[in-house]
Amino acid sequence: ILRWYVLNINSTDPLTKDLFPVNQIKIKTIPHGGNMAIHDLRTTRLDENKRGLDEEIEKIFLKLNLNNLWFGTWHKWNGSYPIAGNWHSFPGQPVNAEGLKQEIQRLMAKGLLPFMYFDQFLAKEGTSESTPPYPAWLGRKKDGNLTIYDTYELGKGGTGRGSDWFTPEVAKRLGTETITFCYADFGNDEFKKWFVDGAKAVIEYYDPSGIAWDFGAGLIGDEINYSHSNPDTNISNGYLRMQYEVYTWLKDKHPDKFIATNGPLGSLSQLYSDILLVENPQIFTDIDYEAARALGSVLLSMTYHSHSEADTKRSQSDWTRLVMRNISQGIGYGTGHWILLGKDGEYITKWKTMLGFSARASSIPLVFESAAVKIVPASEQITASIWADDKNLMLALYNDADSDTIVSIEIDRNIVQRYGYKGTKIFDITPIDSAGIAGQKRELSVGEKDNNIILNNLDLKSKNLILVESER
């Protein structure tokens, strides 16, 4: 239903009216595959404190196929994205463009793929009337007040993105004891051009694997449903216009590079994004995931393994079950570097088989049609997804019930043939237990009935995941 609506949208908005209706919704893949991890300067060789964490974390990334890197804390604190000279990043670390380029290329030579981070904020104190970013580019509400995301005051901290980094030393470096992060006005044509040109320049100079947008189109709040400089549109549609312009340019000039977006599930930004980052997957419903699947992006989670009261004190087993369920819903794995270096890293590193499957799946189209796979007997506590192309068929099946069960799976051959799959009758099946640890892989013969591929009598244990792949 969502795909039908998107294919039939018409827009009168000045920034998006020529983008709709769209002719098709492409199902994207990442040909190199992989999961995703947040990485930043503080765990690279550019770390100002020289803690030497780069070698350790890079080994973990490669072991768990966390090769796609959401690469942050590199841009200038005021919301600009330099390609020359020296600056201080968002946490106040000194950065040099040439050194950053060398580090990006070093990571890529190891098989790690940095997506360079961009966000939607400008720091008011870092704007200037003489050089961009200009004060006129700061977002404002209809009453003229700034659309503020967060304010930091020395000694008082902030609320949105932590406060431990804003020390007296950092304040001295930046030349201000207050930082006011405001939403940038993407409805402003001058700003939007500056931002688009800056993104293109970052790709051309640093030559990374792609770009990571930390925002997507969607009217989530008053902060982005109005453009002060262009009241006929809004900041959200400005996001979409910008993402369209960068994405179409990238696919024309650098088709080997990719866009990842951290935005609302089912956002129109997915039309111009190869990867949708599903941040905090524990807060979403099955309907949210169906919406995200419908719009064609590769889905990778960003799971923070929090043990706070806000996360109802989720345990190690709770997080493990969430990741297994996510994989069965078509969502690959992602997490932060600090998680992997902390106590949670001890059990995450045992998931090598499960995360290897997740990484391979991101290189194969996710079959979005709900009718493609049927579970017999049906149960709301059992979830399944399939991926298919001309050579591969993959299935992930998870049982969230408290009891074991026997199920059969029917895969609609007409649907998977549209993805190019014509099929083998021999599959490999691997059980994953409730701790995320793989059991013995074995061969599975499949049958045919009424033009369906049939996997009969699968022994699906409670809180277990089954991974099935056509023999390669």
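This is a short tour of selected places in a predicted model, to be followed in a viewer.

**Stop 1: the surface patch around Trp4**

Select Ile1, Trp4 and Tyr5. Together they form a nonpolar patch on the surface, with about 450 Å² of accessible area. Trp4 belongs to helix α1, which covers residues 2-7. Is Trp4 buried or exposed? With a relative accessible area of 53%, Trp4 is exposed, because the cut-off for exposed is over 50%.

**Stop 2: Asn65**

Move on to the loop between α2 (54-63) and β2 (68-72), where Asn65 is found. Display its backbone angles: phi of Asn65 is near 55°, a positive value in a residue other than glycine. Most residues other than glycine have a negative phi. Asn65 counts as partly exposed, at 29% relative accessibility.

**Stop 3: two cis peptide bonds**

Next, select Pro132 and Pro133, which are joined by a cis peptide bond with omega of about 5°. Pro133 sits in the loop between β6 (121-123) and β7 (148-153).

Then go to Val376 and Pro377. A cis peptide bond links these residues too, and omega is about 0°. Here Pro377 is in the loop between β15 (373-376) and β16 (382-388). For background, most peptide bonds are trans.

**Stop 4: strand β10 and its partners**

Select residues 258-261, which make up strand β10. Which way do the residues of this strand point? Phe258 and Ala260 point one way, Ile259 and Thr261 the other way, and all are buried.

Now add strand β9, residues 210-213, which pairs with β10 in the parallel sense over four bridges. Within this pair, Ala212 stands opposite Ala260. Add strand β11 (residues 275-279) as well: β10 and β11 pair in the parallel sense over two bridges. Ala260 appears again in this pairing, opposite Ile275 of β11.

**Stop 5: Asn280**

From β11, step into the loop between β11 and α7 (286-294) and select Asn280. What is the sign of phi for Asn280? Phi is positive, about 55°, although Asn280 is not a glycine. At 25% relative accessibility, Asn280 counts as partly exposed.

**Stop 6: strand β19 and its partners**

Select residues 426-432, strand β19. Five of its seven residues are buried, so the strand is largely enclosed by the rest of the structure.

Two pairings can be traced from here. With strand β20 (residues 442-445), β19 pairs in the antiparallel sense over four bridges; Ile426 stands opposite Ser445 of β20. With β23, the pairing is also antiparallel and runs over six bridges. The bridge partner of Ile432 in β23 is Leu465.

**Stop 7: Ser462**

Finish in the loop between β22 (452-460) and β23 (465-470), and select Ser462. Ser462 is buried, because its relative accessible area is 17% and the cut-off for buried is under 20%.

What does the side chain of Ser462 reach? At 2.6 Å from the Ser462 side chain is the backbone oxygen of Ala401. To see the surroundings, show Asn399, Ala401, Asp402, Ser403 and Asp404, which Ser462 touches, leaving aside residues up to four places away in sequence.

Technical notes
Residues numbered from 1 in each chain as written. Predicted model: local features only at pLDDT ≥ 70, side-chain atom pairs only at ≥ 80, totals over all residues. Heavy atoms only, no water. Buried < 20%, exposed > 50% of the residue type's maximum accessible area, 1.4 Å probe, protein only. Polar contact = N/O pair within 3.5 Å; in protein donor to acceptor, adjacent residues only side chain to side chain. Contact = heavy atoms within 4.5 Å. Patch = residues over 30% accessible without salt bridge, like charges linked within 9 Å, V, L, I, M, F, W, Y side chains within 5 Å. Areas by Shrake-Rupley, 256 points an atom, 1.4 Å probe, with all protein chains shown as cover. Salt bridge = Lys/Arg side-chain N within 4 Å of Asp/Glu carboxyl O. Pairing = 2+ DSSP bridges.
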